[in-house]
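Please open the model in your viewer and keep the sequence panel visible beside it. The tour below proposes one selection at a time and states what is found there.

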Amino acid sequence: MTRLHLPAALLGLTMVAMAFPVQAEDAKTIAATICSGCHGEDGNSTIPMFPRIAGQDETYIIKQLKEFRGGQRKSDVMAPVVASLKSEDLAPLAAHFNGQKPKGQDARDAKLAEQGKGVYLDGNENSGLPACIGCHQPEAVGHGVYPRLAGQHPEYLLQQLKSFAANERTNDASRLMRVVAKRMTEDEMKAVTEYISGLGPK
Ligand code: HEC
Ligand code: HEC
């Protein structure tokens, strides 16, 4: 019995060992052919409407891709993209972009960014706005389901805050971000996104 099972077990191990490089290669190819047109070859898009995804947390990327596919996060642009992917492509793609070095930009308006720093670190006691740092971490590097925000295009960040506040983006578990965004004034949104956009490597 043992002797009969041995070759099968070995074959299984060889296939498992081979699956990883093959998947990584697939993810690289998909990234270069499908994703790069909008997000940039290395995930550092230079066009404000396309978010930077280099260095983004794997857990968060997988969640977003699944939800673009399931329709919980609505995007006419991303929906057809994810529809063309196989389920088993999602995790290797997330690992690929997580492994890319993030590259942001300096904040354009230093004074506005300084105001935004206060919002990021302290929130606003008067309106009950919680500090962003509590979930998005120091320097906005993110962790797990809390996305990295550092170095992101300020236009994209502002658009997402507005869409949480307007209940257009509703894929945040327990309404975490909708509650936050609804408590923000437009000035606070502009200031904090200006601050966050200037964090991280350039
Ligand atoms: C035609 C342009 C286009 C292509 C191609 C594209 N994306 Fe996107 N992607 C977008 C846009 C636009 C958004 C923002 C959607 C929104 O408005 O919420 C986005 C959002 C995302 C997000 C969420 C980012 C965040 O911070 O929440 C991830 C992850 C993502 N794309 C991954 C990919 C991957 C992986 C590929 C390749 C398989 C890909 N995209 C191909 C345009 C594109
Ligand atoms: C209680 C935890 C929590 C707090 C506090 C919080 N966030 Fe978030 N935020 C989240 C979660 C969770 C998500 C991801 C939602 C999802 O799964 O799509 C998110 C997503 C976002 C996004 C979308 C990122 C992207 O790439 O699409 C932005 C922008 C954002 N938060 C900004 C802020 C700002 C600015 C503050 C402070 C004013 C803040 N958040 C405070 C939990 C929090």
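## Lysine 74 and its loop

Begin by selecting lysine 74, which lies in the loop between α2 (58-70) and α3 (78-83). The names of such elements follow a rule: helices (H or I, at least four residues) and strands (E, at least two) are DSSP runs, numbered from the N terminus. Residues are numbered from 1 along each chain as its sequence is written, while chains are lettered from A and ligands numbered from 1 in the order in which they are written. This is a predicted model, in which local features need pLDDT of at least 70, side-chain atom pairs count only at pLDDT 80 or more, and totals for chains, interfaces and linings use all residues.

Is lysine 74 buried or partly exposed? Lysine 74 is partly exposed, because 14 other C-beta atoms lie within 10 Å. The terms have fixed limits: a residue is buried if 20 or more other C-beta atoms, placed from the backbone, lie within 10 Å of its own, exposed if 12 or fewer, and partly exposed in between. Now add arginine 169 to the selection: its C-alpha atom is 7.1 Å from that of lysine 74, although 95 residues separate the two along the chain.

## The whole chain

Next, display the entire chain as a cartoon. The chain holds nine helices and zero strands, in the order α-α-α-α-α-α-α-α-α from the N terminus on. Of its 202 residues, 33% count as buried. Among contacts between residues at least 6 apart in sequence, 71% join residues at least 24 apart; two residues are in contact if their C-beta atoms, placed from the backbone, lie within 7 Å.

## Helix α4

Select residues 90-98, which form helix α4. Seven of the nine residues of α4 are buried, so this helix is largely enclosed by the rest of the structure. The buried residues are Leu90, Pro92, Leu93, Ala94, His96, Phe97 and Asn98.

## The two ligands

Turn to ligand 1, which has 20 residues around it. A residue is counted as near a molecule if its C-beta atom, placed from the backbone, lies within 6 Å of it. Cys35, Cys38, Pro51, Ser75 and Val77 come nearest to ligand 1. The elements that give two or more residues to this shell are α1 (2-39), α2 and α3, and the largest share, six residues, comes from α1. By class, the shell around ligand 1 has 16 nonpolar, four polar and no charged residues. Here Ala, Val, Leu, Ile, Met, Phe, Trp, Tyr, Cys and Pro count as nonpolar, Asp, Glu, Lys and Arg as charged, and the others, Gly among them, as polar.

Move on to ligand 2. Which residues are closest to ligand 2? They are Pro130, Cys132, Cys135, Gln160 and Asp172, out of 22 that surround the ligand. Helices α6 (133-136), α7 (154-165) and α8 (176-182) are the elements that give two or more residues to this shell. The shell around ligand 2 divides into 16 nonpolar, four polar and two charged residues.

## Helix α9 and its partners

Select α5 (residues 110-122) together with α9 (residues 186-197): their axes come within 7 Å and cross at roughly 100°. Axes are lines fitted to C-alpha atoms, for helices over the stretch in contact, and angles run from 0 to 180 degrees between N-to-C directions. The angle therefore makes α5 roughly perpendicular to α9; angles under 35 degrees count as roughly parallel, over 145 as roughly antiparallel, 65 to 115 as roughly perpendicular and the rest as oblique. Residues making this contact include Leu112 and Tyr120 of α5 and Ala191 and Ile196 of α9.

Replace α5 with α7, which packs against α9 at an angle of about 140°, with the axes 9 Å apart. This makes α7 oblique to α9. Among the residues in contact are Leu157 and Leu161 of α7 and Met189 and Ile196 of α9.

Now focus on isoleucine 196 in helix α9. Isoleucine 196 is buried, because 27 other C-beta atoms lie within 10 Å. Leaving aside neighbours within four places in sequence, isoleucine 196 is in contact with Tyr120, Ala140, Leu149, Ala150, Gln152 and Leu157.

## Two positive phi angles

Finish with alanine 140, in the loop between α6 and α7. Alanine 140 is not a glycine, yet has a positive phi of about 55°. Most residues other than glycine have a negative phi. Arginine 175, in the loop between α7 and α8, also has a positive phi, of about 60°. Alanine 140 is buried, whereas arginine 175 is partly exposed.
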